[in-house]
Amino acid sequence: MDKEHTNSHTVTTLPLGGERGGGLHPLHLFRYCPLCGSSQFVENNGKSKRCLDCGFVYYLNPSAATVAVITNERGELLVVRRAKDPARGTLDLPGGFSDCYETSEHGVVREVKEETGLDVDRVEFLFSIPNLYEYSGFTVHTIDMFYRCYVKTGDDIQAHAADDAAEVMWLRPENVNPADFGLKSISKGVERIKALLGETTI
Ligand SMILES: [Zn+2]
């Protein structure tokens with residue numbers, strides 16, 4: 001793996017990856033044209049459908065999501081337990097889907113606040129991993145962006161679980177096991193960040 005260091009972040013050159021799941025078109029559940037209601041809403045290419053009646057074309061792009069990597073003064077990793085499906089009850093890192101009109105950086109800060117109550121004052125992009133997220137009977141394609149998050153120090157830096165997190169805990173580096181993380185991209189990401197554990201961002 002080639003690495004080139006820049007002022008603000010590390011650029012990592014990776015194989016393009018691009019794992020393709022199954023043979024189903026990503027829009028196979030969308031049988032009717034959302035514009036005119038025609039049933040002639042057919043595959044246009046591997047990631048889009050076209051309406052043969054009105055010409056409407058829809059492309060499925062991955063949903064942007066964020067993942068926070070936070071370690072405390074003892075080098076322990078901040079981990080949450082998932083309150084909801086998919087992978088309910090398994091370990092996770094704080095994060096979630098980006099909202100429309102917000103930056104990815106703001107999205108990760110917002111999710112950390114919502115799920116743990118912690119205030120992040122600086123973020124640093126690490127890497128991204130594509131994922132498949134099963135929700136409501138539909139496979140959501142995501143691009144999960146991992147950020148190193150630096151938490152504001154102060155009188156009250158106690159993390160507490162809220163929103164999508166059932167529990168928040170600090171894990172010692174030796175207790176961080178990628179197999180305990182139910183979402184595939186998070187498990188892969190945890191494998192990659194193990195080298196960062198033992199450092200502090202709080
Ligand atoms: Zn149409």
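Two strands count as paired here if DSSP finds at least two bridges between them, and the strands and helices themselves are DSSP runs numbered from the N terminus, with strands (E) of at least two residues and helices (H or I) of at least four. With that in hand, let me begin with the pairing that I will keep coming back to: strand β6, residues 63-69, and strand β11, residues 138-151, run parallel and are joined by seven bridges.

Before going further, a word on what we are looking at. This is a predicted model, in which local features need pLDDT of at least 70, side-chain atom pairs count only at pLDDT 80 or more, and totals for chains, interfaces and linings use all residues. Residues are numbered from 1 along each chain as its sequence is written. The mean pLDDT of the protein chain, pLDDT being the predictor's confidence in each residue from 0 to 100, is 85, and 84% of the residues reach 70 or more. Over residues 1-19, pLDDT stays under 50, and there the model has 13 contacts beyond four places in sequence, where a contact means that two C-beta atoms, placed from the backbone, lie within 7 Å.

Overall, the protein chain has two helices and 12 strands, and along the sequence they follow the pattern β-β-β-β-β-β-β-β-β-α-β-β-β-α. Taking the contacts between residues at least 6 apart in sequence, 61% join residues that are at least 24 apart.

Now to the sheet that holds β6 and β11. It is an open sheet of four strands, in the order β9-β6-β11-β10, and its pairing is mixed. At the edges are β9 (95-97) and β10 (120-135), each of which pairs on one side only. From one strand to the next the twist averages 20°, with axes taken as lines fitted to C-alpha atoms, for helices over the stretch in contact, and angles running from 0 to 180 degrees between N-to-C directions. Within the parallel pair, threonine 66 stands opposite methionine 145 in β11, and valine 69 stands opposite arginine 148 in β11. On its other side, β11 pairs with β10 in the antiparallel sense over 14 bridges, one of the bridge partners being valine 140 in β11 for tyrosine 133. The hairpin of β10 and β11 has two residues between the strands, and serine 136 takes a positive phi there, near 60°.

Two helices pack against these strands. Helix α1, residues 104-116, lies across β6, β9, β10 and β11, at about 55° to β6. Helix α2, residues 184-193, packs on the sheet and touches β6, β10 and β11, its direction making about 140° with that of β10. For α1, the expected span is 1.5 Å times one less than its number of residues, so the 13 residues should span 18 Å, and the end C-alpha atoms are indeed 18 Å apart. After α1 comes glycine 117, which has a positive phi near 80°.

Which residues of α1 are buried? By buried I mean that 20 or more other C-beta atoms, placed from the backbone, lie within 10 Å of the residue's own, whereas 12 or fewer would make it exposed and anything in between partly exposed. In α1 they are Gly107, Val108, Val109, Glu111, Val112, Glu115 and Thr116, and what covers them includes β6, β7, β9, β10, β11 and β12. In α2, the buried residues are Ser185, Ile186, Ser187, Gly189 and Val190, with β6, β8, β10 and β11 among what covers them.

That brings me to the core, meaning a set of buried Ala, Val, Leu, Ile, Met, Phe, Trp, Tyr and Cys residues joined through C-beta atoms within 7 Å. The largest nonpolar core has 28 residues, and those with the most contacts inside it are Ala68, Val69, Val108, Val112, Val120, Tyr147 and Cys149. Two or more residues come from each of β6, β7, α1, β10, β11 and α2, and the largest share, five residues, is from β11. Valine 69, setting aside residues up to four places away in sequence, touches Leu93, Leu126, Phe146, Tyr147, Arg148, Cys149, Ile193 and Leu196.

Finally, there is an open sheet of three strands, ordered β8-β7-β12 with antiparallel pairing. Its edge strands are β8 (91-92) and β12 (165-171), each pairing on one side only. Strand β7, residues 77-82, pairs with β12 over six bridges, and valine 79 has methionine 169 in β12 as its bridge partner.
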